[in-house]
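Biologist: Please take one part of this molecule and examine it closely. I should like to know how that part is built, what surrounds it and how it relates to the rest of the chain.

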Amino acid sequence: MSDVLTQLGKVLEERKSASPDSSYVSSLHAKGLNKILEKVGEEATETILAAKDAQVSGDNKDVIYETADLWFHSLVALSHLGENPQVVLDELARRFDLSGLEEKASRVKG
């Protein structure tokens, strides 16, 4: 799984410098962080709606598709800020042996 994220991170980094006319990712970077975050918000809403529909229909196809869009646009935002997908994987690994309550408490104290 991390190989896909690593490859995607490399592609996102390469496309930052491409022509905005030839690359969707480059066009997002050219429009700036606010536009990228707008797309993250849009995809989050679409993911929520698809999950609600999936619960009723029993078909997860759309929620999987929308989650992929959400992850993609979140990775574009990280790329815009100079980060790569590995930092998220590292953070998830750090949390692996913590209970959710312990992890939340550590953020509140910090």
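Modeller: Gly-82, which follows just after helix α4, takes a positive phi of about 85°. This is a value from a predicted model, as is everything that follows. The helix that precedes Gly-82 is the part I shall examine.

Helix α4 covers residues 61–80. Its length can be checked by simple arithmetic: at 1.5 Å a residue, its 20 residues should span 28 Å, and because the C-alpha atoms at its ends lie 29 Å apart, the model agrees with that expectation.

The setting of α4 is a chain with six helices and zero strands. Read along the sequence, the pattern is therefore simply α-α-α-α-α-α. The C-alpha trace spans about 45 × 40 × 30 Å along its principal axes. Of the 110 residues in the chain, 25% are buried. Among contacts between residues at least 6 apart in sequence, 54% join residues at least 24 apart.

Within α4 itself, the buried residues are Val-63, Glu-66, Leu-70, His-73, Leu-75, Val-76, Ala-77 and Ser-79. A general point helps in reading such a list: an α-helix has 3.6 residues a turn, so residues three or four places apart point the same way. What covers these buried positions includes α1 (2–16), α2 (24–31), α3 and α5 (85–95).

Several of these residues belong to the largest nonpolar core, which has 10 residues: Leu-5, Leu-12, Val-25, Leu-28, Ile-36, Val-40, Leu-70, Leu-75, Val-76 and Ala-77. Two or more residues of this core come from each of α1, α2, α3 and α4, and α4 gives the largest share, four residues. In soluble globular proteins, nonpolar side chains tend to be buried together.

Leu-75 shows how α4 takes part in this core. Leu-75 lies in helix α4 and counts as buried because its relative accessibility is 10%, under the 20% limit. Setting aside residues up to four places away in sequence, Leu-75 touches Leu-5, Leu-8, Leu-12 and Pro-85. Of these partners, Leu-5 and Leu-12 are themselves members of the core. By contrast, Gly-58 is 17 residues from Leu-75 along the chain, and the C-alpha atoms of the two are separated by 28 Å.

Val-76, a buried residue of α4, appears among the contacts of Val-25. Beyond its neighbours within four places in sequence, Val-25 is in contact with Leu-12, Arg-15, Phe-72 and Val-76. Val-25 can also be set against the start of α1: Ser-2 is in that helix, 23 residues from Val-25 in sequence and 20 Å from it in space, C-alpha to C-alpha. Ser-2 counts as partly exposed because its relative accessibility of 35% falls between 20% and 50%. Ser-17, in the loop between α1 and α2, counts as exposed because its 67% relative accessibility is over 50%. The C-alpha atoms of Ser-17 and Val-76 are separated by 13 Å, although the two residues are 59 apart along the chain.

His-73, also buried in α4, is touched by a residue of α3. That residue is Lys-39, in helix α3 (residues 33–57). Not counting residues up to four places away in sequence, Lys-39 touches Tyr-24, Leu-28 and His-73. Lys-39 has a relative accessible area of 13%, so this lysine is buried as well.

The remaining aspect is empty space. Rolling a probe the size of a water molecule over the atoms shows where empty space is left. The largest pocket found in the model has a volume of about 240 Å³. It is lined by 11 residues, of which Leu-5, Trp-71, Leu-75, Val-88 and Leu-92 lie nearest its centre. At least two lining residues come from each of α4 and α5, and the largest share, five residues, comes from α4. By character, the lining divides into 10 nonpolar residues, one polar and no charged.

Helix α4 thus supplies the largest share of the largest nonpolar core and the largest share of the lining of the largest pocket. Leu-75 has a place in both, as a member of that core and as one of the residues nearest the centre of that pocket.

Methods. Residues numbered from 1 in each chain as written. Predicted model: local features only at pLDDT ≥ 70, side-chain atom pairs only at ≥ 80, totals over all residues. Heavy atoms only, no water. Buried < 20%, exposed > 50% of the residue type's maximum accessible area, 1.4 Å probe, protein only. Contact = heavy atoms within 4.5 Å. Expected span 1.5 Å × (residues − 1). 1 Å grid on protein atoms, 1.4 Å probe; cavity = no way out; pocket = protein on both sides within 12 Å on 5 of 7 lines; lining within 4 Å. Points joined across faces, edges and corners; volume = space filled by probe spheres on them. Nonpolar A, V, L, I, M, F, W, Y, C, P; charged D, E, K, R; others polar. Core = buried A, V, L, I, M, F, W, Y, C linked by side-chain atoms within 4.5 Å.
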